[in-house]
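Trainee: I should like to take a close look at a single part of this protein. Could you please guide me through the salt bridges and then place them in their wider setting?

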Amino acid sequence: RSSPPPVVIPVYLHGTDRLFGGGPGVHSGLARWLPRFPGFGRKTTVAFGPPIDFSDLLKNNGDPEICDKVTARIVSVIESLEREVNGKSKATSKIPA
């Protein structure tokens, strides 16, 4: 219903969970006062895909399942980015819709 239609750029992130190690209470004693370098020496990957085209879906304005179809397309593209980055034929994890 918007004009122009929205532009969605898919992004796949891998390794962001390793940027800041531990959690509350992990560092104690002197270690909690020493400076830490978040992500130092840890690999993080960010992959951007081309804009996703929804023009075929947006033609069916009255379709009650349009949100599900748009979401499925976005998830599919992000999973393909994951396969590209990891060099595998199958996605290693499911991205929640």
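Mentor: The following account begins with the whole chain, turns to the salt bridges, and ends with the strands.

The model before you is predicted. The protein contains 2 helices and 2 strands, and from the N terminus on these elements follow the order β-β-α-α. Of its 97 residues, 18% count as buried. The accessible surface comes to about 7700 Å², and 59% of that area belongs to carbon and sulfur atoms.

Now to the part you asked about. The count of salt bridges comes to 2. One of them joins the side chains of Asp56 and Arg73, with a distance of 2.9 Å from N to O. Asp56 lies in helix H1 (residues 55-58) and Arg73 in helix H2 (residues 66-86), so this pair ties together parts that are 17 residues apart in sequence. Asp56 is partly exposed, with a relative accessible area of 38%. Arg73 is also partly exposed, at 24%.

The other salt bridge is formed by Asp63 and Lys69, whose closest N and O atoms are 2.7 Å apart. Here the partners should be examined one by one. Asp63 has a relative accessibility of 18% and counts as buried, because buried means under 20%. Lys69, by contrast, is partly exposed, with a relative accessible area of 36%.

The strands complete the picture. Thr45 has its place in strand S2 and, at 17% relative accessibility, counts as buried. Leaving aside neighbours within four places in sequence, Thr45 is in contact with Tyr12, Leu13, His14 and Val85. Strand S1 covers residues 11-14 and strand S2 covers residues 45-48, and Asp17 is found in the loop between them. Asp17 is exposed, with a relative accessible area of 61%. The C-alpha atoms of Asp17 and Thr44 are separated by 8.9 Å, although these residues are 27 apart along the chain.

The strands also contribute to the surface. Val7, Ile9, Val11, Leu13, Val46 and Phe48 make a nonpolar surface patch of about 560 Å², to which S1 and S2 each supply at least two residues. Val7 is found in the segment before S1, and this residue is exposed, with a relative accessible area of 62%.

Finally, consider the contacts of the protein between residues at least 6 apart in sequence: 59% of them join residues at least 24 apart.

How values were computed:
Residues are numbered from 1 along each chain as its sequence is written. This is a predicted model: local features need pLDDT of at least 70, side-chain atom pairs count only at pLDDT 80 or more; totals for chains, interfaces and linings use all residues. Side-chain values use heavy atoms; hydrogens and water are left out. Helices (H or I, at least four residues) and strands (E, at least two) are DSSP runs, numbered from the N terminus. Buried means under 20% relative accessible area, exposed over 50%, partly exposed in between (1.4 Å probe, protein chains only). Contact means heavy atoms within 4.5 Å. Patches are made of residues with over 30% relative accessible area and no salt bridge: like charges are joined within 9 Å, nonpolar side chains (Val, Leu, Ile, Met, Phe, Trp, Tyr) within 5 Å. Accessible areas come from the Shrake-Rupley method with a 1.4 Å probe; for residues, only the protein chains shown count as cover. A salt bridge is a side-chain nitrogen of Lys or Arg within 4 Å of a carboxyl oxygen of Asp or Glu.
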